[in-house]
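Reader: I should be grateful for a close examination of one part of this model, namely the surroundings of the ligand. Please relate them to the sheet and the helices.

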Amino acid sequence: MSEWWRDVRRARSASTRTRSVCHESTPLYPNHIISLNAQHYMADLPPFTPSTFKQTEAPVPDWQSGQSVTESAEGREWIAGEEQGWKVIDTAAENPMNLYKLMISGIVPRPIAFVSSVSADGVENLAPFSWFNMVTHNPPVISVSVSAASGRPGDLKDTASNIKATKEFTVNVISEPWVQNANFCSMDMPPEVSEWPSSGLTKADSVIVRAPRVKESAFSMECELLQPVEVVNPQTGKPTTTLILGLVKYIHVRNDMLNERGNVDPAKFKPVSRMGDITYATLGDGFRLPRPLWKDEEENVMKAVAERPEGSNL
Ligand SMILES: Cc1cc2nc3c(=O)[nH]c(=O)nc-3n(C[C@H](O)[C@H](O)[C@H](O)COP(=O)(O)O)c2cc1C
């Protein structure tokens, strides 16, 4: 039995015990196990509201360099929360499932890569991954992190196994109208069963990779495997995760998503993000803040440095 699976089982029985006495406790399982246990957290929710993105002013429109957070009412309320103290977690001593729960709810919102890949023997696969981001635009590189899957061939999820074998895949960004189609593909289907037929989604040909892209996605990337990085737990010496670095060879973006400056318009794109537990989020409003420049701010910065009180935390 792998360490990972042992952790899940330990957390599972602990969580079952706690749940019967404490309604507030949250299940501790990775995604597919969570989905089996979280139904009661979904009761009595209001209907979905599609996002209506608009641009607003910044939270503190007249903010000046050095201005304390406590100068706004929201800022004072924010700082007041600190009165309840801090929980400081030594990760080396913490149960990995508690780290999972904390990290996926604290590192938010996360974009989601909906990955299409094909196995060495031709089985097509779809799955969502939120440990995902852009690494750099030059060269265009993205990262997707796939945790180990005990009991699967090579202890790998199909996506990691396929990408390692074929060295190519597509990443499709998910929008609100079809998030449930994508979520369905997070199921632990056997490797020989493709998610495509039951997903309700449509295949579109890629230019150079074998894996199709998802036609419903307004922004897709054809990727070649640049480098797989095996992440090893230093305490156990065991690999737990494959970090996939993908070189983006082609980008497919729908014309109706682009604004006059060539940016993808968030109001039209309606991307969804991943929060903790089984929560997804739509976009809230946007606000614009210019990036400060040293040539404009040098004087203010040096004044603040000179006036810094002895022993101050500022
Ligand atoms: C929104 C969402 C995000 C997910 N993110 C990840 C992730 O970043 N890494 C991971 O290993 N699994 C993640 N999962 C779980 C995988 O989608 C799931 O294990 C899936 O069955 C893997 O499919 P595969 O074996 O076909 O590759 C996520 C699930 C959902 C619903």
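Author: The account below begins with the ligand and proceeds to the sheet. This is a predicted model, in which local features need pLDDT of at least 70 and side-chain atom pairs count only at pLDDT 80 or more, while totals for chains, interfaces and linings use all residues. Residues are numbered from 1 along each chain as its sequence is written.

Around the ligand there are 20 residues, and Ala127, Trp131, Asp158, Thr159 and Ser186 come nearest (a residue is near a molecule if its C-beta atom, placed from the backbone, lies within 6 Å of it). By class, seven residues of this shell are nonpolar, nine polar and four charged; Ala, Val, Leu, Ile, Met, Phe, Trp, Tyr, Cys and Pro count as nonpolar, Asp, Glu, Lys and Arg as charged, and the others, Gly among them, as polar.

At least two shell residues each come from helix 2 (31-37), strand 3 (124-129), strand 5 (140-147) and helix 5 (158-166). Helices (H or I, at least four residues) and strands (E, at least two) are DSSP runs, numbered from the N terminus. Strand 3 provides the largest share, four residues.

Strand 3 also belongs to an open sheet of seven strands, ordered 3-2-6-9-10-5-4 with antiparallel pairing; two strands pair if DSSP finds at least two bridges between them. Strand 3 and strand 4 (132-137) are the edge strands, each pairing on one side only. Within the sheet, strand 6 (residues 168-173) and strand 9 (residues 219-232) run antiparallel and are joined by five bridges, with Asn172 opposite Ser220 in strand 9.
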